[in-house]
Amino acid sequence: MLSYEDIIENLSEGVIAIDLGKKVSVFNQSAEKMSGVSRSLVIGKDLNEVFRRDVRLTEMLAKTLDEGRLFAEYEEKLHRRFGGTLPVGITTSQIFDLNGNLSGAAALIKDLSGIKSLEAGSLRKERLAYIGAFAANLAHEIKNPLSGIRGAAQLLSKKVKDESLSDYTGVIMKEADRLNNILNGMLDFARPAKLNKTEINIHKILDSTVLLLQEGLPRSAFVKTYDPSIPDVMGDEGQLTQVFLNLVKNAKEAISKDGHIQISTRILTEFHLVEEGSPGGKMVSIEVKDDGCGIKQSDLENIFTPFFTTKPKGSGLGMAISLKIIKEHGGLLKIDSTPGKGTSVTVYLPTEIGL
Ligand SMILES: Nc1ncnc2c1ncn2[C@@H]1O[C@H](COP(=O)(O)OP(=O)(O)OP(=O)(O)O)[C@@H](O)[C@H]1O
Ligand SMILES: [Mg+2]
């Protein structure tokens, strides 16, 4: 028989719970590992005393206990006992006893060190701005001669009677088209934002994305878990569709024939983000999760770099463009992947953009 204690003890997330007097009453194994502090040193002690350096964590737990404020995936740095900090996501909740009386508060602490926050550092931003301008110029320069090459190959294909030679002109045209697609992607990426915002229904976008990418997969490959209460968001329908097409296409390319792609939506009412400039308040989250090949840690660092691809025919622009579009909507993109197990990409969009 499973006991709640065993479950809490073995969660990969750290669990810290306090009682009404703000004394620590639960501190599981993962919390010990993350903080580097043994539970024997903290159980029964005052929260503020134990986490003197983690002011935000103690504040969050106190606010949850005293005011009922909940924090969802609040990004913070947890101080480790022997130096250094660990990036973590903190989610809090109040605890009630069987009679419904408030008996404490708990924080669930997720180790984010393996997760790539798409909030780019300033160096990366500069590099992207430079690459953007460079790419736009280069794309323009290449597009004209390329259409000349394609046109000439097409003319040639009409004149050439020898079938073995027309195969070659076919290859020229196909490859010219592929290059042209890449160039269009580059221009999309480099173009300054011009969002045509309307009220949009995310579920509609997701449904049409699935419809477009359904081919070649059994119906059961897609698992949709939609939260019917999510509100419309203000956004550019075409561009957001492009984002979900990219994400679902990546998932499709990562899974095996009998793999699954789970698309879930949620509304987060108290979404607090530490990053400067990010909106607080209500956010809609859309997760595209696959049970495919996953992404190696060393690749994870590069997937938002334009042209980074591990696919023979990939352009490596899908994720870079998606990130750009989501940022232009005031949102965030997070990715979590385990090689061999699968990948989860979550898009967070504010619901009150432009208000
Ligand atoms: N869901 C996923 N599962 C496994 N790997 C992924 C996933 N999403 C992205 N990747 C990795 O990130 C890389 C970059 O993705 P991105 O969408 O930017 O380009 P691409 O898919 O290679 O090419 P394109 O999107 O232009 O067809 C991919 O080549 C792949 O290695
Ligand atoms: Mg892709």
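User: Which helices each supply at least two residues of the shell around ligand 1?
Analyst: Keep in mind that we're looking at a predicted model. To make the list, a helix has to bring at least two residues to the shell around ligand 1. The helices that do so are α8 (237-254) and α10 (318-328).

User: Which helix gives the largest share of that shell around ligand 1?
Analyst: Here we look for the top contributor to the shell around ligand 1. The largest share is four residues. These come from α8.

User: Which residues come nearest to ligand 1?
Analyst: There are 22 residues around ligand 1, so let's pick out the front row. Coming nearest are Ala254, Thr309, Gly314, Gly318 and Met319.

User: How many residues of the shell around ligand 1 are charged?
Analyst: Sort the shell around ligand 1 by class. Nine of its residues are nonpolar and ten are polar. The charged ones number three.

User: At what angle do α8 and α10 pack?
Analyst: Two packed helices are described by the angle between their axes and the distance between the axes. For α8 and α10, the axes are 9 Å apart, and the crossing is left-handed. The angle is about 145 degrees.

User: How many residues in the contact of α8 with α10 are nonpolar?
Analyst: On the α8 side, the residues that meet α10 include Leu240, Val243 and Leu247. On the α10 side, Met319, Ile321 and Ile325 are among them. By class, this contact of α8 with α10 has six polar residues and one charged residue, while the nonpolar count is seven.

User: Are α6 and α10 roughly parallel or roughly antiparallel?
Analyst: Helix α6 (residues 163-190) packs against α10 at about 25 degrees, with the axes 9 Å apart. Angles under 35 degrees count as roughly parallel. Therefore α6 and α10 are roughly parallel.

User: Which residues of α10 make the contact with α6?
Analyst: The crossing of α6 and α10 is left-handed. From α6, the contact uses Gly185, Asp188 and Phe189. Facing them from α10 are Ala320, Ile321 and Lys324.

User: What is the handedness of the crossing where α7 passes α8?
Analyst: The axes of helix α7 (residues 202-213) and α8 come within 9 Å and cross at roughly 45 degrees. That makes α7 oblique to α8. As for handedness, the crossing of α7 past α8 is right-handed.

User: How many residues in the contact of α7 with α8 are charged?
Analyst: Leu206, Val210 and Leu213 are among the α7 residues here, and Phe244, Leu245 and Lys252 are among those of α8. By class, the contact of α7 with α8 has nine nonpolar and three polar residues, and the number of charged ones is three.

User: How far apart are the centres of domain 1 and domain 2?
Analyst: The domain assignment gives domain 1 (4-113), domain 2 (122-190) and domain 3 (197-350). Taken over C-alpha atoms, the separation between the centres of domain 1 and domain 2 is 54 Å.

Conventions:
Residues are numbered from 1 along each chain as its sequence is written. Chains are lettered from A and ligands numbered from 1 in the order in which they are written. This is a predicted model: local features need pLDDT of at least 70, side-chain atom pairs count only at pLDDT 80 or more; totals for chains, interfaces and linings use all residues. A residue is near a molecule or strand if its C-beta atom, placed from the backbone, lies within 6 Å of it. Ala, Val, Leu, Ile, Met, Phe, Trp, Tyr, Cys and Pro count as nonpolar, Asp, Glu, Lys and Arg as charged, and the others, Gly among them, as polar. Axes are lines fitted to C-alpha atoms, for helices over the stretch in contact, and angles run from 0 to 180 degrees between N-to-C directions. A crossing is left-handed if the near helix is turned anticlockwise from the far one by less than a right angle, and right-handed if clockwise. Two residues are in contact if their C-beta atoms, placed from the backbone, lie within 7 Å. Domain bounds come from an automatic or database domain assignment. Angles under 35 degrees count as roughly parallel, over 145 as roughly antiparallel, 65 to 115 as roughly perpendicular and the rest as oblique.
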